[in-house]
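Q: I am new to reading structures and would like a careful look at one part of this one. Could you start from a single residue and then go on to the region around it in sequence?

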Amino acid sequence: MWDTTNTFAEIEASRADMAILPVGAIEQHGDHLPVWVDWKQADALGTGIAGRLNGLLLPALPFGNSEAHAGFRGSISIRPETLQSLVTDIVGSLFSQGFQRVVVVNMHGGNLVLKLAVRALNMSGTAGRVLLVFPPQLAASRLTEIFPQLNDEMHAGDLETSLMMHLTPDHVRPGGVNHVPDVSPVFFDYAPMKSYCPAGVWGRAGEATAEKGRRALEIMVDETVKHIESTFRQLEELPHGEP
Ligand SMILES: [Zn+2]
């Protein structure tokens, strides 16, 4: 695996043609977790994935679209078009240097614009291909073995708290609450989270353990790597044709 601790000469000599771009967010995660959670998780997933695929790991983008967390101090939101521009420019820069395969590893559900960014890049007629992956979704069926009520794990609950207890235990405070609101996740589009999750938690943070986090990370890396390999294989098998 290669990353930004390498020199340009080492990156050239590696002949790596795949790059991994993790994307996170800086936003509230209850009163028990730091605001950097999604960024840290994006970096951890990116590191695991790049290691398995021998790709070039880029630094995780810290900022994302966090409008739903308005009212919680420390939540930073950039405009969707800003995130789209950033990802488009970074992937374009990689393509221009001969990287053929780029994987955007998203760890924040609110970064909806990434789908548009990736579609536009793939349809732009460049030689390279870019995938967008959301590991918690790709690994959902195996994650339910650890978190039977995975559908309730929307934000700062059992899944995210367990991951942080494994990754950065010194940064986890006591006191994560269990709270599952009586509304559907589409409410993220309708009203600030603070109005239905006043503590900033949607899930069961009180049930988190570091061991669950360790297993969840392993499963997400594993399922995401399998998905990336099979998707690039399928893309290669498609008949050539300019969009
Ligand atoms: Zn999060």
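Is Pro174 buried or exposed, and which protein donors does the zinc ion have?

A: This is a predicted model, in which local features need pLDDT of at least 70 and side-chain atom pairs count only at pLDDT 80 or more, while totals for chains, interfaces and linings use all residues. Residues are numbered from 1 along each chain as its sequence is written, and side-chain values use heavy atoms, leaving out hydrogens and water.

Pro174 counts as exposed because its relative accessibility is 75% (exposed is over 50%, buried under 20%, partly exposed in between, with a 1.4 Å probe and protein chains only). Pro174 sits in the loop that runs between helix H7 (158-167) and strand E6 (178-179) (DSSP runs of at least four residues for helices, H or I, and at least two for strands, E, numbered from the N terminus). Although Pro174 and Gly206 are 32 residues apart along the chain, their C-alpha atoms are separated by 9.0 Å.

Helix H7, on one side of that loop, also contains Glu160. The zinc ion has His29 (NE2), Asp38 (OD) and Glu160 (OE), the last listed twice, as its protein donors, at 1.9 to 2.8 Å (donors are N, O and S atoms within 2.8 Å of the metal, or 3.2 Å for Na, K and Ca; water is not among the atoms, so sites may look incomplete). Because His29 lies in the loop between strand E2 (18-23) and helix H2 (37-53), while Glu160 is in H7, this pair ties together parts that are 131 residues apart in sequence. Both His29 and Glu160 are buried.

Val37, Asp38, Lys40, Gln41 and Ala44 of H2 meet Glu160, Leu163, Met164 and Leu167 of H7 (contact means heavy atoms within 4.5 Å), so that Asp38 and Glu160, both zinc donors, also appear among the residues that meet between these helices.
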